[in-house]
Amino acid sequence: MTQGILDYLDKTHGRRSWKELFQSCFDHVLTSLGKEGTYEVSLSLVDDGEQRALNREYRKIDKTTDVLTFAYLENDDETSAPVLDLGSITIATEVAKKQAKEFDHPLERELCFLFIHGLLHIFGYDHTKEEDAEKMFALQNKVLNDFPHDFYTNLRKLEKKVKEAQSQALAPYSHFRVGACVVTKDGSYITGFNIENASYPATICGERVALFSAYQRGYRKDDIVSIGIVTESTNVGTCCGVCRQVMSELMRPNCPVYIFSNNMKKKLFTTVKDLLPYAFTPEDLKR
């Protein structure tokens with residue numbers, strides 16, 4: 001069993017607490033690295049002045065930096081303590097905000113990126129040498145991209161978009177209208193709806209219309225962050241098998257899938273992988 005204990009302190013007195021997000025991120029990192037046991041780490045959010053003072057005192061560098069790591073235990077295999085105290089990490093939130101703006105992604109994604117960076121340092125990864133840096137940053141990006149958290153989707157906007165799409169559905173035979181919307185990292189909300197045909201096999205579902213529209217615009221798997229779906233059902237009507245298969249190939253496995261009942265009161269939040277755990281992949285075509 002793996003457990004992460006996070007000691008969280010926001011010394012910037014921010015309006016929002018990130019503790020739950022960081023706790024989820026900590027647990028995800030431990031699982032991703034294959035760690036077993038109970039681990040504890042301290043995380044402090046600080047202002048530029050405090051981060052600069054720490055950097056000056058411990059690294060002899062008189063300037064602020066985004067993240068600092070103070071590792072107590074660099075090789076957790078050397079002890080059998082019931083709780084392994086990993087050390088502490090400090091993140092300068094003002095620097096994080098500037099970097100999030102520079103890289104055009106949400107602040108919470110930048111914060112998790114820096115937290116993962118600090119944790120990897122604690123577990124012995126470094127970027128002093130070019131070869132080590134390539135290995136560390138590749139792992140850092142993989143862990144972040146596999147983190148099952150949606151940093152981008154505005155749920156209120158998504159709910160509005162899927163209902164707008166549903167109102168345009170062409171369903172003269174089933175009268176079962178479906179609206180869908182694909183969300184991309186650059187903030188685009190690309191909608192689709194089901195289009196029926198008297199030759200029933202020629203009918204296409206709203207999910208595929210939205211996905212194909214996104215690809216037609218040049219977006220690809222790594223650009224897509226989520227998909228939302230609403231149907232005429234009073235319950236949560238999940239995607240058909242064909243759409244699940246298409247989603248498994250055109251979206252990342254951990255992409256969130258938000259499904260709503262017609263009145264938007266019932267909701268199912270899942271992932272592409274959970275909708276189709278044993279998807280048919282290009283690997284299956286090999287002889």
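## A salt bridge across the chain

R16 and E108 are joined by a salt bridge, with their closest N and O atoms 3.2 Å apart. This pair connects distant parts of the chain: R16 sits in the loop between β1 and α1 (19-32), while E108 belongs to helix α4 (residues 107-122), 92 residues apart. Keep in mind as you read on that this is a predicted model.

The two partners are worth a look for their surroundings as well. R16 has a relative accessibility of 47%, so this residue counts as partly exposed. E108 has a relative accessible area of 11%; because buried means under 20%, E108 is classed as buried.

## Other salt bridges

The count of salt bridges comes to 8. One of them brings together the side chains of E159 and K267, at 3.2 Å from N to O. E159 is part of helix α6 (residues 155-166) and K267 is part of strand β9 (residues 267-271), so this bridge ties together parts that are 108 residues apart in sequence. K267 has 43% relative accessibility and therefore counts as partly exposed.

Another salt bridge is found between the side chains of K286 and E283, again listed at 3.2 Å from N to O. Here K286 and E283 are both exposed. There is also a small group to pick out in your viewer: R52, R56 and D62 are joined into one network by salt bridges that share partners.

## The open sheet

Now for the strands. An open sheet is formed by 4 strands, and reading across the sheet gives the order β1-β2-β4-β3, with mixed pairing. The edges are taken by β1 (2-10) and β3 (67-71); each has a single partner strand, so one side of each is left without a neighbour in the sheet. From one strand to the next, the twist averages 20°.

Within this sheet, strand β2 (residues 37-46) pairs with strand β4 (residues 83-92) in the parallel sense, over 9 bridges. If you would like a landmark, find L43, which stands opposite I89 in β4.

## Helices lying across the strands

Two helices to look at next are α2 and α3. Helix α2 (residues 48-59) lies across β2, β3 and β4, and runs at about 45° to β3. Helix α3 (residues 93-102) lies across β2 and β4, running at about 65° to β4. Strands β2 and β4 are thus crossed by α2 and by α3, and these strands are also the parallel pair described above.

Definitions and conventions: Residues numbered from 1 in each chain as written. Predicted model: local features only at pLDDT ≥ 70, side-chain atom pairs only at ≥ 80, totals over all residues. Heavy atoms only, no water. Pairing = 2+ DSSP bridges. Axes fitted to C-alpha atoms, helices over the stretch in contact; angles between N-to-C directions. Contact = heavy atoms within 4.5 Å. Salt bridge = Lys/Arg side-chain N within 4 Å of Asp/Glu carboxyl O. Buried < 20%, exposed > 50% of the residue type's maximum accessible area, 1.4 Å probe, protein only.
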